[in-house]
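Here's a quick walk through a complex, with an eye on one sheet and what sits against it. Have a look at the fold first, then read on.

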Amino acid sequence: MTHPDDLLSALLDGELTPAERRVVAAHLDGCGECRTELADLSMARTALRGLPRLELPEALLAAPITAEIETADDTVVPLRSRRRFGWAVGAAAALALAVGLVVTGDGPAPAADLDTLAEQHTARVVVDPGFVTIRMTVDE
Amino acid sequence: MPDDGPEIPDWEDVARRYGRKIYNFAYRLTGNPHDAHDLAQDVLLRVRRGLQSYTPGSFEGWLWRITRNAFLDGVRKKKRRPTVPLPEGDHVDHGAAPPPEEVLAAVRLGEDVQKALLDLPYDFREAVVMCDVVGLTYEEIAEAIDVPIGTVRSRIHRGRKLLRERLG
Amino acid sequence: MRRSLTVAFVAAALTLTGSAAAFADEPVESLIRSTEEADFHGNGVVLTIWGSETAAAVFSVTRSRGMSMVSTGDRMVAAGGGMLARFDGESWYGTGVVEAAPWEVSDRYALTEDGATRRLDRDALSVTVLEDGVARVRITLDAATSVPLRTDVFDGAGRIFRAAFLTEMAGAEGFTDATPMPDDVMPPMDDPRKMTTAVSPDRLPGSAAGYWRANAYDAPNDGVHAFYTDGLFTFSVFEWNRTATPAAFERASEVRIAGHDYRRIVEPSRIWLQWHAPDHTYVLVGDLPPDHLARILPALPEPGDRAMLVRLWRSLFG
């Protein structure tokens with residue numbers, strides 16, 4: 001059989017049909033060259049996926065409003081700018097929520113429920129590499 | 001009465017849900033925060049204008065097609081003149097770059113990868129960024145860049161191979 | 001000194017070429033990274049035995065496209081790309097980590113290879129993580145994918161403290177349409193809780209018995225969350241400037257460690273402690289073994305509501 005080539009990348013991405021997957025798996029079983037290539041591809045893929053995820057700069061969410069006001073043409077009627085303003089307030093609130101700036105009213109409960117604490121702990125745990133079978137907590 | 005259609009809240013939703021992905025796409029394609037900022041801003045503006053004429057279909061395909069066109073337009077414009085600064089608003093900091101610690105982290109951890117990425121021919125770079133940074137499926141990528149799915153498969157594969165060679 | 005990470009890609013290459021002698025003289029980082037390389041689906045059991053208490057759970061796990069998903073009954077946790085999504089049977093909750101210190105593994109750990117073996121009818125490799133020369137974790141890895149088929153964590157006396165073993169396992173080639181995939185089940189998170197850096201938690205130490213405080217975040221209800229790791233095990237300490245007992249601990253059993261009493265909850269893959277110090281409440285959660293716990297607790301604020309009374313007494317009567 002000829003080498004499966006670009007099917008190898010698709011294999012890593014889960015983009016093969018079950019039939020293709022079987023064929024590629026069978027080929028890999030007997031072809032060291034392809035296994036090495038798969039390792040190389042996996043490395044490149046891991047490197048790309050490991051690139052840090054950057055936060056959206058806050059200014060970007062607000063910028064289109066002012067940019068559009070500045071360049072407003074005659075299709076923009078005053079009422080709509082008012083709406084835009086209302087939207088801006090909404091967006092600012094949404095953004096504040098998203099980055100955790102809005103603190104909800106102080107409840108009487110001094111400490112959170114364990115699910116929330118566990119979630120916060122685990123969210124940080126899984127950022128680092130580790131053994132998936134013992135650290136992705138399951139509790140009933 | 002002016003129309004009370006849902007397009008404006010929709011934009012907010014799109015910006016919140018996809019803004020970060022668009023920014024990351026822009027950052028990995030351009031390799032620096034300033035161009036990424038400008039590109040992401042351009043995309044968000046286009047999305048805002050375009051939503052009014054958006055007809056239901058694959059939203060992701062539509063969104064990434066806009067993003068890609070904005071990038072290609074940006075490259076064309078850049079050849080003629082430097083980035084045009086945006087008008088200053090009094091309450092919005094247009095010049096804001098990502099927080100320094102993020103830039104630092106990005107530089108430290110992904111420096112080599114980002115450099116190798118920028119060395120890739122555009123078609124390959126675009127395909128691997130859409131796949132591995134944005135997380136689109138092959139089908140969504142095919143729709144965004146308007147090529148057959150087999151071409152997407154081959155570009156991602158060749159992109160990764162080249163990247164692997166460049167990373168040494 | 002901690003060993004910094006330099007071998008990310010070696011592990012990937014080793015995994016997929018499946019060399020049987022892959023881990024001799026490799027740093028622990030390689031082993032850990034390699035277990036995360038392959039996509040797989042499996043069912044298994046995880047249990048924790050701590051003194052008189054034991055907790056166990058049957059779980060199902062899938063790793064696919066850089067994401068992991070573990071479910072027990074109708075509860076589910078999916079993680080990837082700095083995001084954690086938890087499903088409690090009704091709703092999804094999203095949490096995103098904005099900042100995280102780079103990962104490193106303490107240099108007290110080293111690897112030794114025990115040799116080839118068979119498990120689940122597959123070729124496997126047994127590897128032991130030694131802590132200062134003594135077995136701490138023993139792992140049986142699938143030879144072809146490096147998926148950990150069985151993992152045992154030992155306490156200070158060499159007894160099993162935690163064990164996790166897969167009862168069924170299929171590599172990516174064995175995925176079917178029925179395989180639960182993390183990126184399918186995980187919905188888009190509109191308003192994830194973002195974990196941002198907190199002000200320095202001044203009562204919580206920067207390091208404790210070989211663990212270091214990698215990050216500190218804001219915690220719910222105006223608390224502080226300090227996250228500690230040694231690269232292999234992890235724990236979090238939550239602190240609030242009030243004395244109160246979270247409801248879950250009201251019926252928890254007490255345990256005496258290093259001369260102090262704590263409330264304890266044992267779960268299949270983590271343990272919890274709760275205590276009060278003057279004017280403060282603490283909750284610790286982690287996967288660390290009990291002998292490590294006994295060594296880190298003296299570095300943390302001491303339990304003792306009595307101290308508060310003494311202080312009050314002194315302030316009143318001098």
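Which residue in S20(C) is the bridge partner of C:Trp275? The partner is C:Tyr282. Keep in mind that this is a predicted model.

That pair belongs to a bit of antiparallel ladder: strand S19 (residues 270-277) and strand S20 (residues 280-286) of chain C are joined by 7 bridges. Zoom out and you get an open sheet of 8 strands with antiparallel pairing, running S13-S14-S15-S16-S20-S19-S18-S17 in chain C. At its edges sit strand S13 (207-208) and strand S17 (253-257) of chain C, each pairing on one side only.

Now for the visitor from chain A. H6(A) packs on this sheet, and its direction makes about 50° with that of S20(C). Besides S20, the helix touches these strands of chain C:

| Strand of chain C | Residues |
|---|---|
| S14 | 211-219 |
| S15 | 223-229 |
| S16 | 234-240 |

As for the wider contact, chain A puts in 52 residues and chain C 72 residues. On the chain A side, the elements giving two or more residues are helix H2 (18-30), helix H3 (32-49), helix H5 (78-98), helix H6 (114-125) and helix H7 (132-135). H6(A) gives the most, with 12 residues. Sorted by class, that side of chain A has 24 nonpolar, 13 polar and 15 charged residues.

Back to chain C as a whole: it has 5 helices and 20 strands, and 45% of its 318 residues count as buried. Of the chain C contacts between residues at least 6 apart in sequence, 52% join residues at least 24 apart.

Definitions and conventions: Residues are numbered from 1 along each chain as its sequence is written. Chains are lettered from A and ligands numbered from 1 in the order in which they are written. This is a predicted model: local features need pLDDT of at least 70, side-chain atom pairs count only at pLDDT 80 or more; totals for chains, interfaces and linings use all residues. Two residues are in contact if their C-beta atoms, placed from the backbone, lie within 7 Å. Helices (H or I, at least four residues) and strands (E, at least two) are DSSP runs, numbered from the N terminus. Ala, Val, Leu, Ile, Met, Phe, Trp, Tyr, Cys and Pro count as nonpolar, Asp, Glu, Lys and Arg as charged, and the others, Gly among them, as polar. A residue is buried if 20 or more other C-beta atoms lie within 10 Å of its own, exposed if 12 or fewer, and partly exposed in between; C-beta atoms are placed from the backbone. Two strands pair if DSSP finds at least two bridges between them. Axes are lines fitted to C-alpha atoms, for helices over the stretch in contact, and angles run from 0 to 180 degrees between N-to-C directions.
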